[in-house]
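Me: I should like a close look at one strand of this protein and at what surrounds it. Please set out its pairing, its burial and the contacts of the residues that pack about it, with the criteria behind each term.

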Amino acid sequence: MSGALLDGKVCVITGGAGSIGRASAQLFLTHGARGVLHVDVDPIALEDAARELDREQVMVRAADVRRGTEVKAFIDAARERWGAIDILFSNAGNPGVVAPLAEYPEDVFDSVIDVHVRGAFLVCKYGLPAMNDGGSIIITSSVAGVIGAEGVYAYITAKHAQVGLMRCVSKEAAHRGIRVNTLHPGPVANAFQLGIERQISGAIQRDATEMFDEQIPLGRHARPEEVANSALYLASDLSTFTTGSLLMVDGGLSV
């Protein structure tokens, strides 16, 4: 493909059934990816997402990123079909709840940390040895990874922790020319964000979607395709000297 930024590359995307995972898979294929392993814990949503893609170049795998055996299995499956991996996009996540600290459910806190932090750790642990030199690892953090907010204890803590993980892995991977970066979307116009905003609306007694739009200097939520464009930058050779960095895609919210 003329002008393709990922010509012949092999990609693994977790959280593939969500809007950012779907948009990124489509964009990566449009830019010449040879193969995309599309991973999500929800097999029905994953198959629905995959219907939008070229199945000759896509393999879907239902897996829980909290389980090392399942992560290793989908990494091995990608290698067996296409060879070494070039782009590892750790994008799986869950929202948690919004609640006062004394009332915050411990099981919810543990679940959010497990998916975001343990999940990203396991994807890197098993994915890095399976990668080509010169590849790229992207971890989806959030604007929540650089701020604090009352009541958002699990999600914000997990998103900060992903930055620490990224910085450690970027040091280890650098000698192989593998870049490791975090992607930090602000509010995105999707179902995941809407669920979070409904919780916040109840806590603050006002429309959280409108509140965020007022706070974002660009005045609106991001589209999933805009976040995918930033993932493409980190995945491609446009970012060959970018590692250990936080790429903000938040419309200026964190400024």
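Reply: **Strand β4 and its surroundings**

C11 stands opposite I87 in β4. The model is a predicted one, in which local features need pLDDT of at least 70 and side-chain atom pairs count only at pLDDT 80 or more, whereas totals for chains, interfaces and linings use all residues. Residues are numbered from 1 along each chain as its sequence is written, and side-chain values use heavy atoms, with hydrogens and water left out. Helices (H or I, at least four residues) and strands (E, at least two) are DSSP runs numbered from the N terminus.

The pairing of β4 extends to two strands. β1 and β4 run parallel and are joined by three bridges; two strands count as paired if DSSP finds at least two bridges between them. β4 is also joined to β5, in parallel, by five bridges. Within this pairing, F89 stands opposite I138 in β5. Between these two strands the chain passes through α4, and the resulting β-α-β crossover is right-handed (with the strands pointing away from the viewer, the path from the first strand over the helix to the second runs clockwise). A further bridge partner in β5 is I139, which is matched with S90.

β5 in turn pairs with strand β6 (residues 179–185) in the parallel sense, over five bridges. There, I138 has N181 as its bridge partner in β6. I138 is therefore a bridge partner of residues in two strands, standing opposite F89 and also paired with N181.

Burial is considered next. β4 is largely enclosed by the rest of the structure, because six of its six residues are buried (buried means under 20% relative accessible area, exposed over 50%, and partly exposed in between, with a 1.4 Å probe and protein chains only). β5 is mostly covered, with seven of its ten residues buried.

In soluble globular proteins, nonpolar side chains tend to be buried together. Here the largest nonpolar core contains 33 residues, and L37, F74, I85 and I137 have the most contacts inside it. A nonpolar core is a set of buried Ala, Val, Leu, Ile, Met, Phe, Trp, Tyr and Cys residues joined through side-chain atoms within 4.5 Å. Two or more residues of the largest core come from each of β1 (10–13), β2, α3 (68–82), β4 (85–90), α4 (106–127), β5 (131–140) and α5 (153–173). Of these, α3 gives the most, with six residues. Another core, of 29 residues, lies apart from the largest one and has A23, I87, L183 and V249 among its members.

Two residues of the largest core merit individual description. F74 lies in helix α3 and, at 0% relative accessibility, counts as buried. Leaving aside neighbours within four places in sequence, F74 is in contact with V12, T14, L37, V39, R61, A63 and V123, where contact means heavy atoms within 4.5 Å. The C-alpha atoms of F74 and I13 are separated by 11 Å, although the two residues are 61 residues apart along the chain. I137, with residues up to four places away in sequence not counted, touches L88, C124, L128, M131, V169, I178, R179, V180 and N181.

The loop between α4 and β5 contains P129, which is exposed, with a relative accessible area of 57%. P129 and I85 are 44 residues apart in sequence, and their C-alpha atoms are 9.3 Å apart in space. Not counting residues up to four places away in sequence, P129 touches R79, C124 and R176. C124 is thus touched by P129 and also by I137.

Two serines complete the description. S170 is found in helix α5 and counts as buried, at 7% relative accessibility. With residues up to four places away in sequence left out, the residues touched by S170 are V180, T243 and G244; V180 is also touched by I137. S239 is found in the loop between α8 (224–235) and β7 (246–249). S239 is buried, with a relative accessible area of 0%. A polar atom of the S239 side chain lies 2.9 Å from the backbone oxygen of Y233. A polar contact is a pair of N or O atoms within 3.5 Å; within protein, one must be able to donate a hydrogen and the other to accept it, and residues adjacent in sequence count only if both atoms are side-chain atoms. On the same exclusion of residues up to four places away in sequence, S239 touches R179, Y233 and L234. R179 is likewise touched by I137.
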